[in-house]
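Q: Could you take me on a close look at one part of this model, namely how the pieces of each chain pack and where the chains and domains meet? I would also like to hear about any unusual backbone spots along the way.

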Amino acid sequence: MRFKGKAWRFKDDVNTDEIIPARYLNTIDPVELGRHCMEEIDPDFSKKITKGDIIVAGKNFGCGSSREHAQIAIKGAGISCVIAESFARIFFRNAINMGLPILETKDAYQIKEGDYLEVDLDTGIITNLTEHKEYKARPFPKFIQEIISSGGLLRWIKRKGARCSIK
Amino acid sequence: MYTITEKILLAHTDKKSISPGDFIYAKIDLALGNDITAPISIKEFEDIGAKKVFDRRKIALVPDHFTPAKDKKSAEQARCLKDFAGRHNIENYFEIGRMGVEHALLPEQGLVKPGDLIIGADSHTCTYGALAAFSTGVGSTDLAAAFITGCIWLRVPESMKFIYYGRLRPWVGGKDLILHTIASIGVDGALYKAMEFTGETIRRLPMDDRFSICNMAIEAGAKSGIIEADDITFEYIRRVSKKQKVNFKLNNDILKSDPDARYCKVREYDVSKIEPQVAGPHLPSNSRPVSRFKNVRIDQAVIGSCTNGRISDLRIAAKVLKGKKVNPNIRLIVIPATQEVYLQAVKEGLAEIFLKAGGVFSTPSCGPCLGGHMGILGKGERAIATTNRNFRGRMGHPDSEVYLSNPAVAAASAVKGRIAHPEEVI
């Protein structure tokens, strides 16, 4: 899978209250949640972005609560994938389980706001078309790749059957 | 050569050995969801065409976040849980009037046993490590998968060991130890790791303080927090397990780490040097001694939550507030974590102390902790709270501030109208 989009920069430790404040957690509607995506950091974020744009952040992206409303909001806003130096663990597994593409690379700090990026999920290669640079994301373990290629955890379960073991 | 975390995980797989970094598929003893997270799980469960839950006795549904329903949409989400519980005959559904904040409620109801593997679609599910269970927060999709299969995929975490020694100073408890610890390693200091809390101080620490410590492991990025089982654990289990009709047998071998277990990091703390802590905005890692915050004026004090809403927390707050008045400029909001805590607080006269002091005493709810209801902050307002997160906008307006503390500090601050050490009031 390949994506192209403009980079939107965020700091370290972006938390789930910033991605989608708790006052909106009384709905699971992607359009409504998308409208409030990142509102606490930039109230106009959802209006400024174009479908397919990419979030680029520092370390520990998505720390805080377990709310999948965060992934729903990011997808609902039209973001194609999130690149960060590291992800908080619940955000990480929710993204995998829900099929929101994420990439982890130490080089995320080199990407500037407005850089035009091309992301190849299969190889983990991020091309900065503005700066003519290439970054390599850490490849996912085989088991996680399997969940992603199945289209998320529930589809993986449906395919493998309920009682499978991991080799 | 295993840590307690590795032993519990191994016991829930069909493997002969495990090591950190392995991906495992593990059986679950209890799967928890609330009125925010479970509606997504239920939708996914139904969208994929699942018909039956794996075990109706091993699922807990607790409408605690936006309840008693704060608005129409919240009412629908709570209703979604109730309907699902009814359709699948879920044994552990807790209706308003019999409920509590999930992480205080489940242990109190005898639903958490040492050695269990528990997942919950709520980040503070790590609380149950205080009872020597492996427990971790997951998302709604994980919970939906668990409803169907009774299993979860996990990466076996490396363990970090935190050793505490020395005598606690007056007014210092579990909350202060964990705030101090998070400040020392940062909000991602234990990312993906299991935090194991041990040492002579922990061995003397009552259960409620242990719950506070494990509850906030997630605030250091950890997958789980855990404390080995001892006499204090077993005494608690004996007391609460009377509520469950079934007797269970504990596998004591897995409830302690081996002497040669491997840790990726070991840290030691002399607790006699630790003052009551306050975490300033906007991260739990911004913790410093309370004395450094004495000029900070506040508008509201909140005592409650899955971190500090248990009976001993209310007793400490009442001790500070007895015979005192809340400062005229301050709103004091006390929220017992469960119905049982509420009743006990009434019986012991604690509720009367809070009310006479000029505070409110609410029905159990997560309420203001996550900015839901029952005490939202306006623009520029400041609160001291015994909750677990002080992210920007967490309790209301993006330009409001939350300071985290233990219940004694929160109570003393309510009296003074600014952040205060309990000794300034008593």
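A: Happy to help; what follows goes from the two-domain chain, through its helix packing and backbone, to the partner chain and the contact of the two chains. Please keep in mind that this is a predicted model.

Let us begin with chain B. Its secondary structure comes to 14 helices and 18 strands. Along the principal axes, the C-alpha trace of chain B spans about 60 × 50 × 40 Å. The radius of gyration of chain B is 20 Å, which agrees with the value near 22 Å that a compact globule of 426 residues would have.

Chain B is assigned two domains: domain 1 covers 4-269 and domain 2 covers 280-424. Taken over C-alpha atoms, the centres of these two domains of chain B are separated by 25 Å. Where they touch, domain 1 of chain B contributes 35 residues and domain 2 of chain B contributes 31 residues. On the side of domain 1 of chain B that touches domain 2 of chain B, the elements giving two or more residues are helix 4 (102-108), helix 6 (174-185) and helix 8 (207-215) of chain B. Helix 6 of chain B gives the most to that side, with six residues. By class, the residues on this side of domain 1 of chain B divide into 14 nonpolar, twelve polar and nine charged.

Now for a pair of helices in chain B. Helix 2 (residues 38-47) of chain B and helix 5 (residues 140-149) of chain B have axes that come within 8 Å and cross at roughly 50 degrees. That angle makes helix 2 of chain B oblique to helix 5 of chain B. The crossing of these two helices of chain B is right-handed. From helix 2 of chain B, the contact is made by Ala38(B), Ile40(B), Ser41(B), Glu44(B) and Phe45(B). Helix 5 of chain B answers with Ser140(B), Thr141(B), Leu143(B), Ala144(B), Phe147(B) and Ile148(B). Sorted by class, this contact of helix 2 with helix 5 of chain B has seven nonpolar, three polar and one charged residues.

Next come some backbone details. Most residues other than glycine have a negative phi, and most peptide bonds are trans. With that in mind, look at the peptide bond from Thr67(B) to Pro68(B), which is cis, with omega near -15 degrees. Pro68(B) sits in the loop between strand 3 (59-62) and helix 3 (72-87) of chain B. Another cis peptide bond joins Pro281(B) and His282(B), with omega about 0 degrees. His282(B) is found in the loop between strand 12 (277-279) and strand 13 (287-289) of chain B.

Over in the partner chain, His132(A) is a residue other than glycine with a positive phi, near 55 degrees. His132(A) belongs to the loop between strand 6 (125-128) and strand 7 (133-136) of chain A.

That brings us to chain A as a whole. Chain A has seven helices and seven strands, and from the N terminus on its elements run β-α-α-α-β-α-β-α-β-β-β-β-α-α. The radius of gyration of chain A is 15 Å, close to the 15 Å that the globule rule gives for 167 residues, so chain A is as compact as a globular protein of that length. Taken along the principal axes, the C-alpha atoms of chain A fill a box of roughly 45 × 40 × 25 Å.

Chain A has a helix pair to look at as well. Helix 6 (residues 142-150) of chain A and helix 7 of chain A pack at an angle of about 95 degrees, their axes 7 Å apart. This makes helix 6 of chain A roughly perpendicular to helix 7 of chain A. Glu146(A), Ile147(A) and Ser150(A) of helix 6 meet Leu153(A), Arg155(A), Trp156(A) and Arg159(A) of helix 7 in chain A. The residues of this contact in chain A divide into three nonpolar, one polar and three charged.

Finally, the contact of the two chains takes 40 residues from chain A and 46 residues from chain B. On the side of chain A that touches chain B, the elements giving two or more residues are helix 1 (16-19), helix 5 (89-98) and helix 7 (153-160) of chain A. Helix 5 of chain A gives the most to this side, with six residues. The residues on the side of chain A that touches chain B divide into 16 nonpolar, twelve polar and twelve charged.

Terms used: Residues numbered from 1 in each chain as written. Chains lettered and ligands numbered in written order. Predicted model: local features only at pLDDT ≥ 70, side-chain atom pairs only at ≥ 80, totals over all residues. Axes fitted to C-alpha atoms, helices over the stretch in contact; angles between N-to-C directions. Helix = DSSP H or I, 4+ residues; strand = E, 2+ residues; numbered from the N terminus. Parallel < 35°, antiparallel > 145°, perpendicular 65-115°, else oblique. Left-handed = near helix turned anticlockwise from the far one by under 90°. Contact = placed C-beta atoms within 7 Å. Nonpolar A, V, L, I, M, F, W, Y, C, P; charged D, E, K, R; others polar. Domains from an automatic or database assignment. Rg over C-alpha atoms; globule rule 2.2 N^0.38 Å.
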